[in-house]
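Biologist: I am new to this structure and would like to understand the words people use for it. Could you show it to me and take my questions one at a time?

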Amino acid sequence: MAGLMIEREVLIEAPAEVVWRIVTEPDQMTKWFADRVELVVEPGAHGYMHFGDQGGPVVVETVDPPTRFSFRWNHPREEEPVAGNSMLVEFTLTPEGDEQTRLRVTESGHDLRDWPDAEKQRYADDHREGWGDFLDRLAGVSVARQPG
Amino acid sequence: MTTQVDDELWSAIGDPSRRRVLDLLVSHGEVSASWLAGHVPFSRQAVSKHLVVLEEAGLVSRRKQGREVLYRVEAGRLDQAARAMADLAAQWDQRLAVVKRLAEAAHVESLDTPR
């Protein structure tokens, strides 16, 4: 995936269906994410996340229970969020055995929108390493896997 | 959304090919656009375009030496970018930790409840 910025994950001692509810149900989201969540969890739905007196609109992209949920946010007001003007937040739930779920989140930014496909592919192929190097060198932060 | 990465900075470092250019500048110090073009799999023209974006975001500065223009990384701004990224990562770690706690509690509760 081109333009990947942040990737974190955690191993949870609960089945994916349980994790899915916590991640996607608005009344659960207020416990770990925003202070107030106005959201219908359906592809294309427009919602709003409140953080104190701040907040912003979000648009749901993928809803594929219990494995994939994504939304875009941080797009300019008055604009529809698309790749290039917004951040894409993607949750991926991977069952491990009967009772465990690996939950991964990525938050990715402006994609390679002005590049020819062949070049995009070439950069996408090595981007993960490039970003890892960059962060490692500059902040001592690794975007590599985080032990659950 | 407590961490605000300004759009320019975000967009500047969001592009893998620009990060490639930044990486080269970080590891090689002050170099020319031609030198950079010889070390990346894209054209001199593309390198120039990336340098303009990086310069506008304050990540790179240039100076003239003789007939050459040399580019280098602005360490302070780059640190700021790296810190913003680290903050964002830490913020997600915190959120995931809460999701873990909530999900595990909900799971234990469902096991305790007779079906």
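Modeller: Happy to; here are your questions, each with a short answer.

Biologist: What makes some parts of chain A more trustworthy than others?

Modeller: This is a predicted model, and the predictor gives each residue a confidence, the pLDDT, from 0 to 100. Chain A averages 77, and 69% of the residues score at least 70. Among the elements of chain A, helix α1 (residues 16–24) has the highest mean, 96, and helix α3 (residues 117–139) the lowest, 45. Over residues 111–116 of chain A the pLDDT is below 50, and that stretch has 13 contacts beyond near neighbours in sequence. The pLDDT also stays under 50 over residues 122–148 of chain A, where the model has 53 contacts beyond four places in sequence.

Biologist: Why is B:Q91 called partly exposed?

Modeller: A residue is buried with 20 or more other C-beta atoms within 10 Å of its own, and exposed with 12 or fewer. B:Q91 has 16 C-beta neighbours inside 10 Å, so it counts as partly exposed. You will find B:Q91 in helix α5 (residues 75–112) of chain B. Its C-alpha is separated by 31 Å from that of B:L111, 20 residues apart along the chain.

Biologist: How do you know that β2 and β3 of chain B pair?

Modeller: Pairing takes at least two bridges. Six bridges join strand β2 (residues 60–65) of chain B to β3(B), and the two run antiparallel. One of the bridge partners in β3(B) is B:E68, matched with B:Q65. β2(B) and β3(B) form a hairpin with two residues between them, and B:G66 in the turn has a positive phi of about 60 degrees.

Biologist: And what makes β1 of chain B a partner of β3?

Modeller: The requirement is at least two bridges. Two bridges join strand β1 (residues 31–32) of chain B to strand β3 (residues 68–73) of chain B, so these strands pair, and they run antiparallel. B:V31 stands opposite B:Y71 in β3(B).

Biologist: How do you know that helix α2 of chain B has the expected span?

Modeller: The expected span is 1.5 Å times one less than the number of residues. Helix α2 (residues 16–28) of chain B has 13 residues and reaches 18 Å from its first C-alpha to its last, close to the 18 Å expected. Its buried residues include B:V21, B:L22 and B:L25. After α2(B) comes B:G29, with a positive phi near 75 degrees.

Biologist: Which residues of chain A are joined by a cis peptide bond?

Modeller: A:P65 and A:P66, with omega at about -5 degrees. A:P66 lies in the loop between β4 (54–64) and β5 (68–73) of chain A.

How values were computed:
Residues numbered from 1 in each chain as written. Chains lettered and ligands numbered in written order. Predicted model: local features only at pLDDT ≥ 70, side-chain atom pairs only at ≥ 80, totals over all residues. Helix = DSSP H or I, 4+ residues; strand = E, 2+ residues; numbered from the N terminus. Contact = placed C-beta atoms within 7 Å.
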